[in-house]
Amino acid sequence: MSSMREPMPMPAPTSLPDPEPSRFGYPNLGYGIGLRTTHFAHILENRPPVDWFEILSENFMDTGGRPAHILEQVAERYPIVMHGVSMSIGSTDPLDREYLRKLRALAARVKAVWVSDHLCWTGVLNRNTHDLLPMPYTEEGLRHVVRRVRRVQEILERPLVLENPSSYVEFKGSTLTEWEFLRRVAEEADCGLLLDVNNVYVSSYNHGFDPVEYLLAMPHERVVQYHLAGHTNLGTHIIDTHSDHVVDEVWDLYRLAHKLSGGRATLLEWDEAIPPFEVVHREALKAKDHAEAALPPAAAGSVKAKAKKPAKEKATAAAAAKGQPRVAV
Ligand SMILES: [Fe+2]
């Protein structure tokens, strides 16, 4: 790996299906994958033509040595986006100022194009569950999280990009749907969205809602990035394992989402049973084919009309399919 330090220009994005930017002006970076330890040597030796990498912020915040050195080299050659799992924006614990300070420093160091985390809470009373837990979708919860997002954005001096979580339980006390809550958080806190299309599908399966209704309700001008991933379907419910190829139903939803937004940076997540680099990269590049296959904007109206089924029909179909959502695209 002696040639690692040779300067190399950043690769041109694989394709930009539609250059229309989000309201934050963030670029469509093309099709990226997560930077994972198991692929470090391959990336440094082969310099694969990946459009961009997403790093898990916490993996690099407190570490020096080899990981930091490798990240530095990768960041010299590829655009980097930071994705965190520990902000706990929905918790009632005070915001962790030290964590935010480190996050900001890392973002400056790797010239992160944007910084994201999840709309969730990970613990309370200083106890970390190490799970991304869904919030109660209430007006009180909304006011709480909006206040915190605004504060985080002041500290980071940049828009925060929030991802919809996958979930397995819901609060009985919720008075808003997840998509209403997510939309209002984004609009009232003036933040960006990372729309995880697989998470929409997983949660729609687990809770029996219509994923198309979810996508149609998004403020697409605020969507900065998409996530795609494989999951594990156990019949009664789906677990968001990031351990497999993306399923057809998620690709259908991705095409619809892509069409509604006009094209956004897309990231393929693969975090368990991680296959060789080429397999992960090929899966990410499938997104390019699906994005290009998305119907032109003029035809989007017919998709919207098709997706708007009467509530009763949706409920019946959902029950008949044991919660399996049908994607009308
Ligand atoms: Fe995700």
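**Exercise 1. Work out how helix α7 and helix α9 are oriented to each other in this predicted model, and which residues make the contact.**

Step 1: get the geometry. Helix α7 covers residues 197–207 and helix α9 covers residues 248–261; they pack with axes 9 Å apart, at an angle of about 125 degrees.

Step 2: classify the angle. Roughly perpendicular runs from 65 to 115 degrees and roughly antiparallel starts over 145, with the rest between them counted as oblique. At about 125 degrees, α7 is therefore oblique to α9.

Step 3: pick the hand. The crossing of α7 past α9 is right-handed.

Step 4: list the partners. From α7 you have V197, N198, V200 and Y201, and α9 brings E249, V250, L253, Y254 and A257.

Step 5: sort them by class. The α7 contact with α9 splits into 7 nonpolar residues, 1 polar and 1 charged.

**Exercise 2. Do the same for helix α4 and helix α5: find the angle, the hand and the make-up of the contact.**

Step 1: start with the axes again. Those of α4 (residues 97–110) and α5 (residues 139–156) come within 9 Å, and they cross at roughly 50 degrees.

Step 2: classify. Under 35 degrees would count as roughly parallel, and roughly perpendicular begins at 65. With a crossing of roughly 50 degrees, α4 is therefore oblique to α5.

Step 3: check the hand. α4 goes past α5 in a right-handed crossing.

Step 4: name the residues. L100, L103 and R104 sit on the α4 side of the contact, while V152, I155 and L156 come from α5.

Step 5: tally the classes. Between α4 and α5 there are 5 nonpolar residues and 1 charged, with no polar ones.

**Exercise 3. Decide where the predictor's confidence drops, and say what contacts the model has there.**

Step 1: look at the whole protein. Mean pLDDT is 85, with 83% of the residues at 70 or more.

Step 2: go to the start of the chain. Residues 1–11 have pLDDT below 50, and this stretch has 11 contacts in the model beyond near neighbours in sequence.

Step 3: move on to residues 297–329. Here pLDDT stays under 50 too, and the model has 36 contacts beyond four places in sequence for them.

**Exercise 4. Sum up the overall fold in numbers: secondary structure, burial and contact range.**

Step 1: count the elements. The protein has 12 helices and 12 strands.

Step 2: check burial. Out of 329 residues, 41% count as buried.

Step 3: look at contact range. Take the contacts between residues at least 6 apart in sequence: 79% of them join residues at least 24 apart.

Conventions:
Residues are numbered from 1 along each chain as its sequence is written. This is a predicted model: local features need pLDDT of at least 70, side-chain atom pairs count only at pLDDT 80 or more; totals for chains, interfaces and linings use all residues. Axes are lines fitted to C-alpha atoms, for helices over the stretch in contact, and angles run from 0 to 180 degrees between N-to-C directions. Helices (H or I, at least four residues) and strands (E, at least two) are DSSP runs, numbered from the N terminus. A crossing is left-handed if the near helix is turned anticlockwise from the far one by less than a right angle, and right-handed if clockwise. Two residues are in contact if their C-beta atoms, placed from the backbone, lie within 7 Å. Ala, Val, Leu, Ile, Met, Phe, Trp, Tyr, Cys and Pro count as nonpolar, Asp, Glu, Lys and Arg as charged, and the others, Gly among them, as polar. pLDDT is the predictor's confidence in each residue, from 0 to 100. A residue is buried if 20 or more other C-beta atoms lie within 10 Å of its own, exposed if 12 or fewer, and partly exposed in between; C-beta atoms are placed from the backbone.
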